[in-house]
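The following paragraphs lead through a protein model, moving from the surface of the chain to its interior and then to one helix and one loop. Please keep the sequence and the structure at hand while reading.

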Amino acid sequence: MCSSDLIFGDVIYYDEKKIMEYSSVITRQHNLTIKEYEISDDKSAHMNLKILGGDLKGSKKYKAEVKESLLYNCVAFEKSLNGREDFADFIESSKWDINTIGRGFIIKFNGYMKVPEEFDITQTIQRFKPMLMDSIVNDGMDETEKKAFKSFFEVSDAKIPVLIDIEESLISSKLIGNNMLVTYEELEEYEDLEVTIIARVTTNNLVDMKKPFYDPLKDFMRLNRTLRRTMGERAEGLYEIYADQNYKTVEILAIYQ
C-alpha cells in the first residue's frame with residue numbers, strides 16, 4: 001500500500017511531523033500549510049471572442065477549505081522517495097536485507113505487527129492514571145512534589161511498543177500515542193492482519209536481545225535517568241520489555257491496512 005496505485009485503504013498510524021520534515025529535506029523546500037484555495041471559473045477566455053454574439057460567460061471565484069487526505073499525503077511522500085538510494089522497498093524488490101540496511105534508510109514493507117502482552121498491564125495503568133495521581137498527590141505532599149508527580153503522569157506522548165516480523169528477522173519500534181488513528185483496543189484487531197509500514201531505520205547493526213527495547217518508566221511515564229536509577233523494585237506493568245531474538249529498531253512513519 002501507499003504506492004502510486006493505492007486507491008483505498010485504512011491509515012492506522014501517521015506521523016505528520018516526521019513525514020512533513022522528511023518531505024521538506026527531499027524536496028529541499030519548506031512545506032507550506034494551505035488552509036484554503038481561491039478557485040476561478042472563468043470560461044470567457046475560451047469563447048473565441050464571441051462577445052458580440054452574446055456568448056460571454058461570467059467569471060466566478062470562490063474559496064474552498066482544504067480537507068486533508070492522509071492517503072493522498074502518503075502517496076505523494078512515497079513518490080518523492082522512489083529512485084532514491086536511501087529508500088528500500090521490500091515489497092517491490094527482494095534484493096534488500098533488513099539486517100544490513102544502515103541507519104537513516106527509509107524502508108517500506110509488509111508485516112504482522114504485535115504489541116507485547118506485558119504492555120497490557122502498563123496500558124491499564126494509563127486508564128487509571130487520574131485516580132492514581134489523585135491518590136498520590138493528596139498524601140501529604142508539598143506543592144513542589146505534587147507538580148513533579150503530575151508532570152510524570154500527565155504525559156501526552158506516551159509510547160506503545162510494537163514488534164514486527166519481516167523475512168524471519170525482527171523489527172522493534174515505539175508508536176507515539178498522539179499519532180495513533182485507532183484506539184489501543186482497536187490496535188489488537190490488526191495483529192492478525194498484514195499491514196504495510198513506512199519507517200526510518202535507526203540502528204546500523206542488530207541490537208542484542210538482552211537489551212530491552214522498551215522501558216515503561218522512560219517511554220511511558222517519562223521518568224528521567226536519575227529517578228529511574230533511584231527507584232526500588234518495580235511493580236508489575238513497569239518491568240522492561242525484551243524481544244526473543246536480536247532486532248533492528250525503526251521509527252515508524254505510517255501504518256496502513
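How many Å² does the protein chain expose, and what percentage of it do carbon and sulfur atoms supply? The protein chain exposes about 16400 Å², of which carbon and sulfur atoms supply 49%, the areas coming from the Shrake-Rupley method with a 1.4 Å probe, where for residues only the protein chains shown count as cover. This is a predicted model, in which local features need pLDDT of at least 70 and side-chain atom pairs count only at pLDDT 80 or more, whereas totals for chains, interfaces and linings use all residues. Residues are numbered from 1 along each chain as its sequence is written, and side-chain values use heavy atoms, with hydrogens and water left out.

The chain has 257 residues, and 37% of them count as buried (under 20% relative accessible area, with exposed meaning over 50% and partly exposed in between, for a 1.4 Å probe and protein chains only). Its secondary structure comes to eight helices and nine strands, taken as DSSP runs numbered from the N terminus (helices H or I of at least four residues, strands E of at least two).

The largest nonpolar core (buried Ala, Val, Leu, Ile, Met, Phe, Trp, Tyr and Cys residues joined through side-chain atoms within 4.5 Å) has 42 residues, and Ile107, Leu175, Leu187, Ile252 and Ile255 are those with the most contacts inside it. Among the elements that each supply at least two residues of this core are β1 (11-14), β5 (106-114), β7 (169-176) and β9 (248-256), while β6 gives the most, with five residues. Leaving aside neighbours within four places in sequence, Ile252 is in contact (heavy atoms within 4.5 Å) with residues including Tyr13, Val162, Leu175 and Ile197.

Helix α2 (residues 70-81) has twelve residues and reaches 17 Å from its first C-alpha to its last, close to the expected 16 Å (1.5 Å times one less than the number of residues). Its buried residues are Leu71, Cys74, Val75, Phe77, Glu78 and Leu81; seen down the axis of α2, they fall within an arc of 165° (of the directions from the helix axis to the C-beta atoms), so they line one face of the helix. On the other side of α2, Tyr72 and Lys79 are exposed, whereas the cover of the buried residues includes α1 (16-27), β4 (87-89) and β8.

Finally, Glu167 lies in the loop between β6 and β7 and, although not a glycine, has a positive phi of about 50°; Glu167 counts as exposed because its relative accessibility is 51%.
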